[in-house]
Each structure stands twice: as structure tokens, then as C-alpha cells.
Amino acid sequence: MDDQRPTGPLTSTVLRAVRPWGAGPPVDVRFRGGAVEAIGPDLDGDEVVDGGGGIAVPAFADAHAHLDSTRLGLPFREHTAEPGLRGLIMNDRANWRRAEASVADRATHTLGRTIARGATVVRSHAQVDTDCGLERLHGVLAARDAHAGRAVVQVVAFPQAGVLRDPGTADLLDAALREGADLVGGLDPAGYDRDPVGHLDTVFGLADKHGVGVDVHLHDPGELGAFEVELICERALALDLRGRVAISHCFALAGVDADRQAALVDLLAEADVALTTVAPGAREPLPVDRLRAAGVRLGLGQDGIRDYWSPYGNADMLDRTYEFAHRSGLRRDDEIAERVRVATTGGAAVCGLTGHDLVVGGRGDVVVLRGDALTAAVVDRDPDRLVLRAGRLVARAGELC
């Protein structure tokens with residue numbers, strides 16, 4: 001999709017006195033034309049932003065959000081869902097229209113908070129089913145438009161209630177892709193829709209028809225989920241969709257034996273199918289090091305943010321990065337830095353964006369964090385941050401500019 005870089009005169013911005021990745025003495029970063037033009041001491045520019053000696057890293061990428069369901073900033077509601085996935089789905093369906101604000105207003109507010117706290121890339125799923133039609137999709141598209149220029153936002157037409165289990169949804173997904181969705185989603189083709197071949201044929205058929213990517217929620221555990229990973233990779237290869245398919249959650253990968261896991265990781269790498277995780281607290285973590293070593297693109301996301309599924313979430317990807325590292329039991333600085341890379345360059349790669357790194361020629365999307373070391377910045381999560389999108393300041397100290 002369009003990278004939404006600014007157009008107009010190629011003026012330059014200098015980010016003064018920052019430490020890239022927390023290493024070495026402070027340097028300056030100059031941006032021009034939406035990209036990093038130079039990194040070094042005493043750089044000149046048309047505009048100057050004082051980094052105050054902070055730690056500069058690529059801006060965060062929330063690779064898995066649900067902006068259509070958020071209640072961030074609204075009065076707290078107790079959790080009322082019945083147990084299990086279907087209970088959560090039906091509880092959301094029963095309550096989303098009774099929110100105190102529209103989908104567009106809620107999504108716009110939460111997306112703004114996400115950007116202000118350091119993310120300039122967001123992939124949001126938007127529910128499409130026979131209950132809501134395209135209403136929730138339109139709300140997320142409105143939020144994307146409201147923050148155009150501040151973030152790259154990709155929207156997934158997401159069949160939360162199933163494709164085959166909710167007859168009529170396939171036609172709605174087709175309409176959603178005509179009306180501005182960037183990708184088509186799926187949900188547990190076997191465990192929820194009970195027809196993995198039919199479900200994936202529909203989803204990938206729509207992707208092929210519209211020339212879009214695919215992002216499938218896969219909660220199914222163990223060998224059932226592993227079988228579905230194989231089916232997804234087979235279709236990615238058959239339709240030449242390498243680099244355009246992602247699996248969200250993929251709990252099965254952590255629940256099979258080591259040999260089976262290694263074979264699945266190799267298959268994901270061969271098909272260039274990406275994974276996203278939300279650092280769930282009640283699940284075994286994905287084999288991050290093995291995935292990264294194999295070249296599998298891996299991103300981090302916030303999932304639902306204070307919604308009818310869960311009371312958790314605060315629109316802060318630095319906070320989610322802390323959870324990602326903490327739940328993995330990490331202590332070493334290099335290991336924590338690697339989790340930051342997953343949450344920044346990794347998520348951008350999942351979204352198909354290249355060059356999202358703090359290097360000359362890289363995308364000019366940067367967040368400046370406070371701390372004497374990167375690990376300290378992750379642990380302390382100081383809200384005093386600078387956020388630049390395409391070399392322009394878009395947020396300071398948690399507020400949009």
C-alpha cells in the first residue's frame with residue numbers, strides 16, 4: 001500500500017543529540033524526503049528537533065491491532081463473556097453497538113494514542129460479518145484517514161465470526177476489499193469454521209481476485225494448528241504470495257515437538273509467511289530466536305485494546321515490548337534489544353515495509369526514548385518520547401503535534 005510519505009519541498013529536519021540504539025555518544029540524524037539522509041555530529045538542517053541525548057530507535061510497528069473494538073478512554077465495563085473463543089466473539093457482537101462512542105471515534109482516539117506513544121506503522125483488523133456488515137470496517141478506515149501523514153495504517157477485512165459458519169460473510173469480504181481494505185483475514189479454518197480447505201480456498205481466492213495479502217488468526221493448538229500452517233504455506237506458494245501472507249498468534253508452533261517445530265519454521269521461511277505475536281500471558285511463547293535465525297518475518301502487536309474481549313491494553317507498544325521481554329524471562333541486554341527489533345523493524349517487515357531502520361537511506365520513522373540504556377528505556381517506559389514520521393515530528397511527550 002501507499003507509504004504515505006510527505007510530498008512538497010525537500011526541506012530537511014535534524015534530530016539533534018540522540019544515541020541510536022543507545023550506543024556510543026550522541027549524534028545527529030538528518031532527514032530529507034522522508035528518509036534518513038545522514039547520521040553524524042554537528043549536522044545542519046532547515047528544522048531542528050532536540051533529542052536531549054535520548055535513545056533513538058526505529059518507530060514501533062503494531063503488527064496486530066483491533067481498532068474497531070477498542071474502548072480506550074471510555075468508562076470501564078466489566079468482562080461479561082462466556083468461556084471460550086465463541087463466547088468472546090458473541091459477547092463482542094452483543095455489546096459493540098452500545099459503546100458510548102462510534103467505531104470511527106473510538107478507533108481514531110486509540111490510533112492517535114498509539115502514534116503518540118511511538119508507533120508509526122499499524123495493521124488493524126476490522127470485523128466484517130453479517131451482524132455489522134461493513135460498519136466496523138468503515139470506522140477503521142475513517143481512523144486511518146484522520147491520521148494520514150502520521151502513520152502507515154493497513155486494514156484487514158476480518159471475518160471474526162467465521163467465513164463458512166456465518167453465511168454471507170464471503171460476499172461481505174469481497175465488498176470490503178472493494179471499499180478500501182488492504183488485506184483479507186481468516187480465523188481458525190479448522191477449529192472454528194470446521195472446514196479448513198473451504199475456508200482457505202475462499203480467503204485465498206479473494207486475495208488472488210483483488211491482488212491483496214492475507215492475515216489469518218490461528219489459535220488452533222498442537223497438530224491441528226500445525227496442519228493449518230502447512231495449508232496456508234501451500235497456498236502462499238501456489239498463488240505466488242510470498243511476502244504477502246501472515247499468520248497471527250500461531251499458538252501451534254510452540255505446542256509441537258522440536259523436530260516438528262523445526263520443519264514448520266523451515267516451511268514458513270520457504271513460503272515467506274510472516275508471524276505476529278501479542279505476547280500472550282497464558283501461552284508458551286513462540287520460538288523467537290529460531291524464527292529470526294531462519295529469516296521468518298516476526299512482528300509484535302497489541303491485539304485488543306481495552307475492549308469487550310479483555311480489560312488489558314493501553315495503546316503503548318513500548319509497554320507491550322516490555323511484556324514481550326518479561327514474559328520470555330529475558331535479562332540480557334542483547335536479548336531485550338532483539339525484542340525491540342521485533343517490535344520495530346520486525347513488525348514493519350510483516351507489513352511489507354522495507355528499510356524501516358535507523359540507517360542512512362532508511363525510512364525516517366523514529367522514536368526517541370528516555371533512559372541511560374535501551375534495557376532501562378524498556379523497563380522504565382518513560383512517557384517522555386519524541387515520534388517522527390517520515391522525518392517530521394508528529395508527537396512529543398505523549399501528545400500529537
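1. H5 against H6. Helix H5 (residues 196-210) passes H6 in a right-handed crossing. This is a predicted model, so read every value here as computed from predicted coordinates. The two helices pack at an angle of about 35°, and their axes are 11 Å apart. On the H5 side the contact uses Pro196, Val197, Leu200, Asp201 and Phe204, and these meet Phe227, Leu231, Ile232, Arg235 and Ala236 in H6. Sorted by class, that gives eight nonpolar residues, no polar ones and two charged.

2. Phe204, a residue to click on. Phe204 sits in helix H5. Is Phe204 buried or exposed? Its relative accessibility is 2%, and because anything under 20% is called buried, Phe204 counts as buried. Leaving out residues up to four places away in sequence, Phe204 touches Val214, Ile232, Arg235, Ala236, Leu239, Leu241 and Val245. Ile232, Arg235 and Ala236 also turn up among the H6 residues in the contact with H5. If you want a longer-range pair to display, Phe204 and Cys351 are 147 residues apart in sequence and 18 Å apart in space, C-alpha to C-alpha.

3. H4 against H5. H5 has another partner to look at. Helix H4 (residues 169-178) packs with H5 at an angle of about 25°, with an axis separation of 11 Å. How are H4 and H5 oriented to each other? Angles under 35 degrees count as roughly parallel, and H4 and H5 are therefore roughly parallel to each other. Their crossing is right-handed. From H4 come Ala170, Leu173, Asp174, Leu177 and Arg178, which meet Thr202, Leu206, Lys209 and His210 in H5. The class split for this contact is four nonpolar, two polar and three charged residues.

4. H9 against H10. Further along the chain, helix H9 (residues 317-327) and helix H10 (residues 333-350) pack at about 135°, with their axes 10 Å apart. H9 and H10 are therefore oblique to each other. Here too the crossing is right-handed. Met317, Thr321, Phe324 and Ala325 of H9 make the contact with Ile336, Arg339, Val340, Val342 and Ala343 of H10. By class, that comes to seven nonpolar residues, one polar and one charged.

5. The cores. In soluble globular proteins, nonpolar side chains tend to be buried together. In this model the largest nonpolar core has 83 residues, and the members touching the most other members are Leu137, Val184, Ile247, Leu253, Leu268, Leu275 and Leu291. Which helix gives the most to this core? That would be H6 (residues 222-238), with six residues. There is also a second, separate core of twelve residues, which includes Val29, Phe31, Val36 and Val366.

6. Val184 up close. Val184 is one of the best-connected names in the largest core, in the sense of touching the most other members. Setting aside neighbours within four places in sequence, Val184 is in contact with Val156, Ala157, Leu173, Leu177, Val203, Leu206, Ala207, Val212, Gly213, Val214 and Asp215. Leu173, Leu177 and Leu206 are worth a second look, as they also take part in the meeting of H4 and H5.

7. Two positive phi values. Most residues other than glycine have a negative phi. Asp240 is not a glycine, yet its phi is positive, about 55°. Where is Asp240 placed? Asp240 is in the loop between H6 and strand E11 (245-249), and at 56% relative accessibility Asp240 counts as exposed. His249 also has a positive phi, about 80°, without being a glycine. His249 lies in strand E11, and at 5% relative accessibility it counts as buried. I'd check both backbones by eye.

8. Arg16 in strand E1. Arg16 is found in strand E1 (residues 12-20). With a relative accessible area of 27%, Arg16 is partly exposed. Which residues does Arg16 touch, not counting those up to four places away in sequence? The list is Val27, Asp28, Asp42, Leu43, Val48, Val49, Asp50, Gly51 and Gly52. For a pair spanning the chain, the C-alpha atoms of Arg16 and Gly361 are separated by 18 Å, and these two are 345 residues apart along the chain.

Terms used:
Residues numbered from 1 in each chain as written. Predicted model: local features only at pLDDT ≥ 70, side-chain atom pairs only at ≥ 80, totals over all residues. Heavy atoms only, no water. Core = buried A, V, L, I, M, F, W, Y, C linked by side-chain atoms within 4.5 Å. Buried < 20%, exposed > 50% of the residue type's maximum accessible area, 1.4 Å probe, protein only. Helix = DSSP H or I, 4+ residues; strand = E, 2+ residues; numbered from the N terminus. Contact = heavy atoms within 4.5 Å. Axes fitted to C-alpha atoms, helices over the stretch in contact; angles between N-to-C directions. Parallel < 35°, antiparallel > 145°, perpendicular 65-115°, else oblique. Left-handed = near helix turned anticlockwise from the far one by under 90°. Nonpolar A, V, L, I, M, F, W, Y, C, P; charged D, E, K, R; others polar.
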